Amino acid sequence: MLTAQCHCGNVQIEVKILADTLTQCNCSICRRLSAQWLYYRSAEVKIDCFREKTRNYEWGDKCISFHHCPVCGCATHYTSMPDSGLDRIAINANMLAPHLIKNLKIRRFNGADM
Ligand SMILES: [Zn+2]
């Protein structure tokens, strides 16, 4: 089991396997968050919030909801919205220990032009 967590430990995300590719996206929100995404289906991910629930942010077509820890501010993951037809949770790989992600392939996604 691998555990990603925000800085204060309020949000903990568990997955069984590490995805083999990190996605870096240059869209208007991802570049501001400096997030690197690992993609999963919702059934593959367990998310616990120990002190406070995550805060959400949706924008544009509202297909996905970005979550951050209200205590320490880290952007931990995003989830697909129920109406989107997607089943995706993207974990911000920067919430994992650096040695776990340092050798992953990096995919650069041009979200800015979508
Ligand atoms: Zn936190």
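A residue counts as buried when its relative accessible area is under 20%, as exposed when that value is over 50%, and as partly exposed in between. The structure described here is a predicted model. By that scale K62, with a relative accessible area of 47%, is partly exposed. The points below take up the zinc site, then an open sheet of three strands, and finally two residues with a positive phi.

**The zinc site**

- The zinc ion has as its protein donors the SG atoms of C6, C8, C69 and C72, which lie 2.3 to 2.4 Å from the ion.
- The angles among the four donor atoms run from 107 to 115°, and the site of the zinc ion is accordingly classed as tetrahedral.
- Along the sequence, the donor residues follow the spacing C-x1-C-x60-C-x2-C.
- Because C6 belongs to the loop between β1 and β2, while C72 belongs to the loop between β7 and β8 (75-80), this pair ties together parts that are 66 residues apart in sequence.
- C6 has a relative accessibility of 2% and therefore counts as buried, whereas C72, with a relative accessible area of 29%, is partly exposed.

**The open sheet**

- An open sheet is formed by three strands in the order β1-β2-β5, and the pairing in this sheet is antiparallel.
- The edges of the sheet are taken by β1 (2-5) and β5 (45-49), each of which has a single partner strand, so that one side of each is left without a neighbour in the sheet.
- From one strand to the next, the twist of this sheet averages 20°.
- The pairing of β1 with strand β2 (residues 11-15) runs in the antiparallel sense over four bridges, and within this pairing L2 stands opposite V15 in β2.

**Two residues with a positive phi**

- Most residues other than glycine have a negative phi.
- S34 is a residue other than glycine whose phi is positive, near 55°, and S34 is found in the loop that lies between α1 (30-33) and β4 (37-40).
- K62, likewise a residue other than glycine, has a positive phi near 55°, and its place is in the loop between β6 (55-57) and β7 (64-68).
- The relative accessible area of K62, given above as 47%, falls between the cut-offs of 20% and 50%, which is why K62 is described as partly exposed.

Technical notes
Residues numbered from 1 in each chain as written. Predicted model: local features only at pLDDT ≥ 70, side-chain atom pairs only at ≥ 80, totals over all residues. Heavy atoms only, no water. Pairing = 2+ DSSP bridges. Axes fitted to C-alpha atoms, helices over the stretch in contact; angles between N-to-C directions. Buried < 20%, exposed > 50% of the residue type's maximum accessible area, 1.4 Å probe, protein only. Donors = N, O, S within 2.8 Å, 3.2 Å for Na, K, Ca; no water. Tetrahedral: all angles 85-135°; square planar, octahedral: opposite > 155°, others 65-115°.
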